[in-house]
Amino acid sequence: MNNLTRRSFLKTATAGTSGLMLGITIPASALAKDKPFKQDEFNPNAFIHLTEDGKTTIYCGRCEMGQGISTALPAAVADEMEADWEHVTVLQAEGNEDKYGPQATGGSASIRVMYIPMREAGAKAKFMLEAAAAKTWNTDISNCYAKKHFVYQKNSDKKLSFGELASLASTMPAPEKPQLKDKSEYAYIGTDLKRHDQDDVVVGKRTYGVDTKLPGLKYAAIVHCPVLDGKLKSVDKSAALAIQGVSDVVEIERLDIPYGSLGGVAVVADNSWTAQQGVKALKVEWDAGKNGIYDTKTYKQQLIANVEKPAEVMDARGDATVGLKNAKNTHSATYTGGHLSHSPMEPNASVVWVQDDSCEVWASTQSPADIQKVLGQFLNREPKDIKVNVMMSGGAFGRKFMCDYVHEAAAISQQVKAPIQLIWSREEDMRTGYYHSTSAQHLQAGFDDEGNVDSWLQRVAFPSINSLFDKSVQRAPKGATKDVFNHPFGIKNMQVESGEAPAHTRIGWYRAVYAIFYGFAFASFADELAHKADMDPFDFLNKLYDNNKNPKQAEQIERSKAVLALAAEKSGYHQRDKLPKGQGIGLAVHYSFNSYVAMAVHVDVDGDNIKVLNVDCAVDCGQVLNTDGATAQMEGAVVMGMSLSLYTEIVFRDGQVVNGNFHNYPVLRINEMPNVRVHLVDSDKDSTGLGEPGVSPFPPALTNAIFAASGKRYRDLPIKPMSI
């Protein structure tokens with residue numbers, strides 16, 4: 001499909017195919033920086049296929065992991081196409097960037113990048129169907145209009161179904177820039193349209209990564225060195241091989257590239273249970289290496305020391321040092337947080353069949369192209385020769401960008417010469433995965449004579465994701481701190497510094513990424529400053545925004561204030577003086593991933609017993625595609641935010657993770673779930689994503705609420721870490 005013009009693509013696509021097939025083009029400027037397409041190339045990123053029986057198939061190029069993207073985006077196509085959703089089938093596209101463009105699913109970018117191109121594709125299809133009807137009736141296209149899978153002739157009882165027009169429509173020219181609907185005309189966009197796969201999910205018919213079965217399939221389980229960069233010293237395989245059903249024990253060498261395997265020992269068997277028992281029977285000795293000293297408690301104290309002294313300046317405006325020295329009043333605080341595990345409900349799983357002339361993969365993945373790249377290097381083959389079937393993912397949160405579990409399955413398959421299903425145990429994922437950074441931030445602020453925050457110094461220290469790609473990285477680079485410097489508070493003198501923080505484990509993208517600890521620091525510190533200034537936190541936040549006179553941030557300020565006001569209003573924040581003793585409401589607002597989210601958290605505090613009663617989420621993500629999906633994203637963000645605020649923390653001792661499963665890495669239980677009310681701003685702005693932005697405002701809104709209820713400040717997350 002490379003280097004096809006639009007005209008030749010249409011001819012090629014319809015050759016041997018009944019009906020209309022269209023590719024969806026995404027502008028090169030909007031695509032991933034790794035592989036920009038030439039402007040003169042036609043690279044469809046999804047397909048619409050309308051057959052002569054009227055059935056419409058839409059292929060979605062981004063991966064579905066529960067966030068509803070495979071409903072929201074195809075529904076936008078169907079809306080502009082005037083297709084009847086009952087006649088639409090959505091299929092997951094295979095991993096193929098030449099056909100579908102970059103398919104990496106993360107950063108809340110799918111809707112932001114694909115929404116308009118997919119609407120345009122639907123509008124093109126509608127135009128071609130109307131043109132086909134006009135030709136059939138020998139009338140002008142302006143006399144024809146599409147509606148609910150038919151094209152009608154105005155002032156007439158004539159109508160033709162989409163199926164009847166499909167083949168003729170495929171010969172009609174497509175407009176370069178089709179007319180898109182007005183918001184008032186939307187049929188599906190902005191509604192709570194039912195997910196296309198909802199029934200299958202409920203009754204267990206969706207096929208996830210762990211569900212793939214092939215003839216001759218063998219099953220594998222694996223154990224890795226529990227310390228980063230550690231090595232295998234010896235392995236006694238005899239007890240594992242003596243288990244009935246175990247056929248092989250395979251040693252996997254480390255593939256020293258990003259996302260490659262750490263190296264480990266795998267047991268191959270007739271079923272997954274036997275493979276897991278075989279792993280338990282292995283007698284393995286490891287050489288821990290230099291990272292065997294890693295202890296998160298000691299490391300966090302070092303991070304605190306590193307941010308409470310001058311560090312490397314990343315960005316500055318004005319002179320924060322002089323401003324703080326001359327300030328009428330000052331305040332400072334240090335905020336910390338621990339490592340986090342992604343822990344999706346579906347653990348890492350893949351099926352790989354390596355043969356002499358082919359390699360095929362079935363995997364839950366957020367980035368099929370990275371699988372092709374890694375396996376291409378491992379097998380010494382062209383990435384395009386690796387076929388990747390993208391499966392429904394039972395949770396991901398950033399973990400399934402990395403494909404070490406796929407590389408390992410390929411290594412085993414190559415050695416045993418059979419298709420392999422590899423499933424990591426929950427314990428193996430928790431102990432040898434990728435982790436959200438532990439962090440420390442020290443903030444200092446100074447007030448001028450009018451009570452405005454005149455100066456702000458923020459030092460951060462956390463092991464950077466960049467360490468995955470360059471082991472020499474010792475601190476967060478400027479690109480990882482730009483969100484601090486560009487925060488829309490109006491601060492005249494601002495300085496951002498990055499402290500030393502070498503990585504002793506694998507750091508990966510985790511839902512909301514840096515916004516978790518940046519949001520915690522900004523909203524918590526603003527609340528502390530409000531009380532220092534003897535002001536209502538709501539009024540103080542508005543004052544911080546109003547002091548920003550930068551016209552380039554005017555929209556950020558306006559929309560941030562709007563969601564803050566909405567959350568405060570809906571939560572009853574302004575009537576909080578009527579709350580019973582021991583109850584409080586805390587506010588937080590954060591702009592991240594191009595979306596605006598404010599939260600008001602209502603708590604009841606009795607000593608160390610903290611009960612979250614209500615959470616009001618105000619969201620401005622531009623035009624909402626699916627209200628039910630957007631609401632679910634925010635509810636899920638509350639669950640994740642509440643878990644990491646109260647309980648979850650990965651602990652390292654002697655270089656090894658101490659946690660092993662949900663008994664000592666507890667996530668929120670259903671009996672703890674608060675009442676969550678989601679308030680979506682009705683907006684005509686460009687659509688942005690919601691996968692990431694909902695997590696970051698919850699922790700500071702919670703801790704601010706606890707302070708309001710009890711007078712106690714929490715600056716370290718989680719609030720209730722387990723003693724392990």
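## A guided tour of a sheet and its helices

Begin by selecting strands E8 and E11, which pair in the antiparallel sense over 6 bridges. The model on the screen is a predicted one. Within this pair, locate Val-223, which stands opposite Val-265 in E11.

Next, select strand E10. E10 and E11 run antiparallel and are joined by 6 bridges. Here Asp-248 stands opposite Val-268 in E11.

Remain with E11 and display its side chains. In a regular strand, side chains alternate between the two faces of the sheet. Gly-264, Ala-266 and Val-268 point one way from E11, while Val-265, Val-267 and Ala-269 point the other way. Are these residues buried or exposed? All of them are buried. Because 6 of the 6 residues of E11 are buried, this strand is largely enclosed by the rest of the structure.

Now widen the selection to the whole sheet. It is an open sheet of 7 strands, in the order E10-E11-E8-E19-E16-E17-E18, with mixed pairing. Which strands form its edges? They are E10 (246-252) and E18, each of which pairs on one side only. Direction ignored, neighbouring strands of this sheet are turned by 20 degrees against each other on average.

Move along the sheet to E16 and E17. These strands pair in the antiparallel sense over 6 bridges, and Trp-353 stands opposite Glu-360 in E17. Helix H11 packs on the sheet, touching E16, E17 and E18, and its direction makes about 150 degrees with that of E18.

Select H11 itself, residues 368-379. At 1.5 Å a residue, its 12 residues should span 16 Å, and the end C-alpha atoms are 16 Å apart, which agrees. Among the buried residues of H11 are Pro-368, Ile-371, Val-374, Leu-375 and Leu-379. The buried residues of H11 pack against strands E16 (349-355), E17 (358-363) and E18 (386-390), and also against helix H12 (404-416). Just after H11, select Asn-380, which takes a positive phi of about 55 degrees.

Turn next to H12. This helix lies across E8, E10, E11, E16, E17 and E19, running at about 40 degrees to E16.

Finally, select helices H15 (residues 515-532) and H16 (residues 537-546). Their axes come within 9 Å and cross at roughly 110 degrees; H15 and H16 are therefore roughly perpendicular to each other. Which residues make the contact? H15 contributes Ala-526, Asp-527, Leu-529, Ala-530 and His-531, and H16 contributes Pro-537, Phe-540, Leu-541 and Leu-544. By class, this contact of H15 with H16 has 7 nonpolar, 1 polar and 1 charged residues.

Key: Residues numbered from 1 in each chain as written. Predicted model: local features only at pLDDT ≥ 70, side-chain atom pairs only at ≥ 80, totals over all residues. Heavy atoms only, no water. Helix = DSSP H or I, 4+ residues; strand = E, 2+ residues; numbered from the N terminus. Expected span 1.5 Å × (residues − 1). Buried < 20%, exposed > 50% of the residue type's maximum accessible area, 1.4 Å probe, protein only. Contact = heavy atoms within 4.5 Å. Axes fitted to C-alpha atoms, helices over the stretch in contact; angles between N-to-C directions. Parallel < 35°, antiparallel > 145°, perpendicular 65-115°, else oblique. Nonpolar A, V, L, I, M, F, W, Y, C, P; charged D, E, K, R; others polar. Pairing = 2+ DSSP bridges.
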